[in-house]
Amino acid sequence: MSKRSFSISDQQISSFLTNGYLDIELTLDCLDHHAIYIETDRLFQTLKSGANPHNNIVPMVPKLHDVLDDANLKSALTSLLGRNYLIHPHRHCHTNFPSERSVGPAMLQPFHKDGHAHRPRPRHREPRWLILFYSPQDTPLHRGPTAVIPGSHLLSSLSARKPTRTPPSLSESQNGLITDASFHLRNVDPLIGPPRAVLCHFDLGHGAMINSSVLPRYVHKFVVMRTEEPTSDSQLGTLNTEDPVLAHIWRWLGGASRTESGSGIDIGQWKKRLQSKDPIESTRAIYQSELLTKQDYDRAVELLEEQINRQIGAYANDEVLNTADAVNGLVQIGAIERLLHMLESDCPALVATAAYGLGQLRNADGLPRLRELIDHPNSGVVRHVISAIGIISSATQSQLELTLDAFKHKYASELDWDVRLYIVQAVIRMGVVDAAIPFLCRATNDAHAYVSSFAIEQLCRFDSDIARQAVIEPLRRQRWFPDPYFAI
């Protein structure tokens, strides 16, 4: 018998914001999970060794639609990402087959953040993207579960060391598994237990553990996107917390927060914490910048800009930018003029950082200059600018026609499919705007499947014959016929 659906609680949201992941009890019963496991296992036993259907896993295991349509999962996704969230066409089945190695808990992979994926892209502390891990089988510790580092989504890096492909060591402590001392946060949570869905912040550190059992372990991964900014009609209550980062994200989601710190902090002590070598202390100081007094404003801006310059100093133009926290300090104190000034810098990383900050502020004053910068020669700047424009447009619904014209021009000349995808995603964030229909219709014929899929998803939200007609032909071309080779 199916379980009753539920509404995600404030306590669960707080747990997610603190730890970076949340278990979701699905309404599916054990037979449903077992059927998905059998379908998945039969598929991989049929494929050549090492082969993986990647994005085509859902039509090959169609009962995964039951997971994505689960009432409890939808409720949780709506609570964390808002209404009209969008499931990315990227999906992947992570396989973990039995290994002869290890007699105890050990990592098969290094811990990593998906937010560190290739190309310079914005990485937000707020929940704008989530990873959905679905495990269709019972997964005890020795069956190679996915392991996560709770709280790591709030830090720009996992370890003081440079990333490596060598799996880290694990050891057991009184509180469970821990990794080596080079990690900023050492506690490790294996995602063990019965079949379940787990929602993870996109920047959460995670990795697969070694499977020393005799059975395969499968985890189906999906990515989910927020398409709308949080609104003031949030049903969240008031959160009491001493963590300024958690307080910031709670307020961003529309709730209220209280801390015992009150208002007003000494700028000398704040500077010491801001420049601390401990990334946890430094990050928390950034989100306390709003507590500085007005007479400390100029000095705070100066110190935050110094922090930003230190962070971007070691980065090449094609690397991921780790400036989200430092620039959020300027956002906390509303330093719009400083961010607009930074847009004129000759340093691409600084321009990208400023664009990010203006997006965080959700202030339309920067839109004219941001639109000009979508033709910047640096791809990192372009991605951050497009993302910021979409976020600002979602929040303010201003200058939509001018922005659409700029996006159409950029899209028509852009050879990089990833940039075209950024444009379509930004248009989606602008909302169900009739003026966007012609552009989205054109994008349904994009040569890259991700770009066309996002355009199709958005057009399906319009109550328009033109929009419906535009998706018919692309969907006809995407029809999938189950292969009897993979059937029972």
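Let me start with two helices, α16, which covers residues 417–429, and α18, whose axes come within 9 Å of each other and cross at roughly 10 degrees. An angle under 35 degrees counts as roughly parallel, and therefore α16 is described as roughly parallel to α18. Please keep in mind throughout that this is a predicted model.

If we go to the residues themselves, α16 brings W417, R420, L421, V424, Q425 and I428 to this contact, and on the other side they meet Y450, V451, F454, A455 and Q458 of α18. Sorted by class, the contact between α16 and α18 has eight nonpolar residues, two polar ones and one charged one.

Now I would like to stay with α18, which spans residues 449–459, and turn to an open space in the model. What supplies the largest share of the lining of the second largest pocket? That share comes from α18, which gives five residues to the lining. At least two residues each are also supplied by α3, at 57–60, by α4, at 64–68, and by the strand β2, at 86–96.

The second largest pocket has a volume of about 960 Å³, and 25 residues line it, with P89, R91, S453, E457 and Q478 lying nearest its centre. As for the character of the lining of this pocket, 13 of its residues are nonpolar, while six are polar and six are charged.

From the pocket, let me move on to the enclosed spaces. How many cavities of 30 Å³ or more does a search of the whole structure find? The search finds six of them, and the largest cavity has a volume of about 60 Å³. The residues lining the largest cavity are F133, S135, T139, P145, T146, L191, V198, R217 and V219, and by class they divide into five nonpolar, three polar and one charged. Two strands, β3 at 129–135 and β10 at 217–225, each supply at least two residues of that cavity's lining.

Finally, a word on the chain as a whole, which holds 19 helices and twelve strands. Its C-alpha atoms fill a box of roughly 70 × 60 × 45 Å, taken along the principal axes. For 488 residues, a compact globule would be expected to have a radius of gyration near 23 Å, and because the chain has 23 Å, the value agrees with that expectation.

Methods. Residues numbered from 1 in each chain as written. Predicted model: local features only at pLDDT ≥ 70, side-chain atom pairs only at ≥ 80, totals over all residues. Heavy atoms only, no water. 1 Å grid on protein atoms, 1.4 Å probe; cavity = no way out; pocket = protein on both sides within 12 Å on 5 of 7 lines; lining within 4 Å. Points joined across faces, edges and corners; volume = space filled by probe spheres on them. Helix = DSSP H or I, 4+ residues; strand = E, 2+ residues; numbered from the N terminus. Nonpolar A, V, L, I, M, F, W, Y, C, P; charged D, E, K, R; others polar. Axes fitted to C-alpha atoms, helices over the stretch in contact; angles between N-to-C directions. Parallel < 35°, antiparallel > 145°, perpendicular 65-115°, else oblique. Contact = heavy atoms within 4.5 Å. Rg over C-alpha atoms; globule rule 2.2 N^0.38 Å.
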